[in-house]
Amino acid sequence: MTNWFGGLAWTGQTVAFFVLAVVVVLAAVMLLQFRKVMYMALSIGLVFLGMAGMYVLLGADFLAFAQILIYAGAITILMLFAIMLTRHDEVEEEERAGLRQWLAGLGAVALGAAMLWAIRTTTWPAAPAQPPWPARNSVTALAETLFTSYVVPFELVSVLLTVALVGAVILARKGD
C-alpha cells in the first residue's frame, strides 16, 4: 500500500485526510441521489463540514472557520428556501436505477481512475523553502483586505442575500 501511494507516510493526519475525503465524496454522491431538497441541503452541509476538516488538516484554521460560518448561513438560507418554495410534504415514487445511471456511475469510476493515474504519474515540483508572501498574520492581512479594498462588494453581497430571502418569502406567500 505504501508503494501505491508513492511512499506516503501513514500518519494520523493522512488517515484523517482519507476519511474526510471518503465522507466528502459519499456526501456529494448522496446529494446527487436524493430527491428531497432538505436531504440535499443536509448532504451539502456534510460536504462543507468535510472540506472544513480538510482545511484544518492543511493548517488553514481561519479558512475552515470561515467555511463553516459562511456556509452554515448559506445552508440555513437554502433550507428556508426549500421549505418555502417546494412541496416538501409530497410523497415521491421511488425510481429504480436505469441504464443511464449505471453508465454514469461507470463513467465516474473511470474518470476517478484516470485522475488517480494522472496524479500518480505527474512529477510535482518541490515546495518552496520560503512562502511567497511575507511572514505576517494571515488573518490580519485578510481582515485588512476585506475591510479596505473589498468592503463594498462584501456589503453588496450581504444586501443581495437579504433581498433574495425577502423575495423568497414573498413568492412563498403568493402561493397561499
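**Helical organisation, second largest pocket and selected contacts**

Among contacts in the protein between residues at least 6 apart in sequence, 59% join residues at least 24 apart. The model is predicted, and the mean pLDDT of the protein is 80, with 85% of the residues scoring at least 70. Six helices and zero strands are assigned, so that the order of elements from the N terminus reads α-α-α-α-α-α. Confidence is highest in helix α1 (residues 12-33), at a mean of 90, and lowest in α5, at 78. Of the 176 residues, 12% count as buried.

The second largest pocket was examined next. Its volume is about 580 Å³, and 19 residues form the lining. Ala66, Leu69, Ile70, Leu146 and Phe154 are the lining residues that lie nearest the centre of this pocket. Three helices, α3 (61-85), α5 (138-148) and α6 (151-174), each supply at least two residues of the lining. The largest contribution comes from α3, which gives 11 residues. By class, 16 of the lining residues are nonpolar and three are polar, while no charged residues occur there.

Aromatic pairing was then considered. The structure holds four aromatic pairs. In one of them, Phe34 and Tyr39, the ring centres are 5.5 Å apart and the planes meet at 50°, so the pair is classed as tilted. Phe34 is partly exposed, because its relative accessibility of 29% falls between the limits of 20% and 50%. Tyr39 is also partly exposed, at 45% relative accessibility. Phe48 and Tyr71 form a stacked aromatic pair, with 4.1 Å from centre to centre and 20° between the planes. Phe48 belongs to helix α2 (residues 37-57) and Tyr71 to helix α3, so this pair ties together parts that are 23 residues apart in sequence. Phe48 counts as buried, at 18% relative accessibility, whereas Tyr71 is partly exposed, with a relative accessible area of 33%.

Phe48 appears again in the surroundings of Gln67, a residue of helix α3. With neighbours within four places in sequence left aside, Gln67 is in contact with Phe48, Met51, Ala52, Tyr55 and Ala72. The relative accessible area of Gln67 is 9%, which places this residue under the 20% cut-off, and Gln67 is therefore buried.

Helix α2 also contains Ser43. The relative accessibility of Ser43 is 4%, so this residue counts as buried. When neighbours within four places in sequence are left aside, the contacts of Ser43 are Ala27, Met30, Leu31 and Phe34. Phe34 is thus found both among the contacts of Ser43 and in the tilted pair with Tyr39.

Further residues were examined in helices α3 and α6. Phe62 is placed in helix α3 and is partly exposed, at 36% relative accessibility. Outside the neighbours within four places in sequence, Phe62 is in contact with Val139 and Leu142. The C-alpha atom of Phe62 is separated by 8.6 Å from that of Ser138, although the two residues are 76 positions apart along the chain. Helix α5 spans residues 138-148.

Thr162 lies in helix α6. At 47% relative accessibility, Thr162 is under the 50% limit above which a residue is exposed, and therefore counts as partly exposed. A separation of 9.6 Å is found between the C-alpha atoms of Thr162 and Ile77, which are 85 residues apart along the chain. Helices α3 and α6, together with α5, are the helices that each supply at least two residues of the lining of the second largest pocket.

How values were computed: Residues numbered from 1 in each chain as written. Predicted model: local features only at pLDDT ≥ 70, side-chain atom pairs only at ≥ 80, totals over all residues. Heavy atoms only, no water. 1 Å grid on protein atoms, 1.4 Å probe; cavity = no way out; pocket = protein on both sides within 12 Å on 5 of 7 lines; lining within 4 Å. Points joined across faces, edges and corners; volume = space filled by probe spheres on them. Helix = DSSP H or I, 4+ residues; strand = E, 2+ residues; numbered from the N terminus. Nonpolar A, V, L, I, M, F, W, Y, C, P; charged D, E, K, R; others polar. Phe/Tyr/Trp six-rings, centres within 6.5 Å; stacked < 30°, edge-to-face > 60°. Buried < 20%, exposed > 50% of the residue type's maximum accessible area, 1.4 Å probe, protein only. Contact = heavy atoms within 4.5 Å. pLDDT = per-residue confidence, 0-100.
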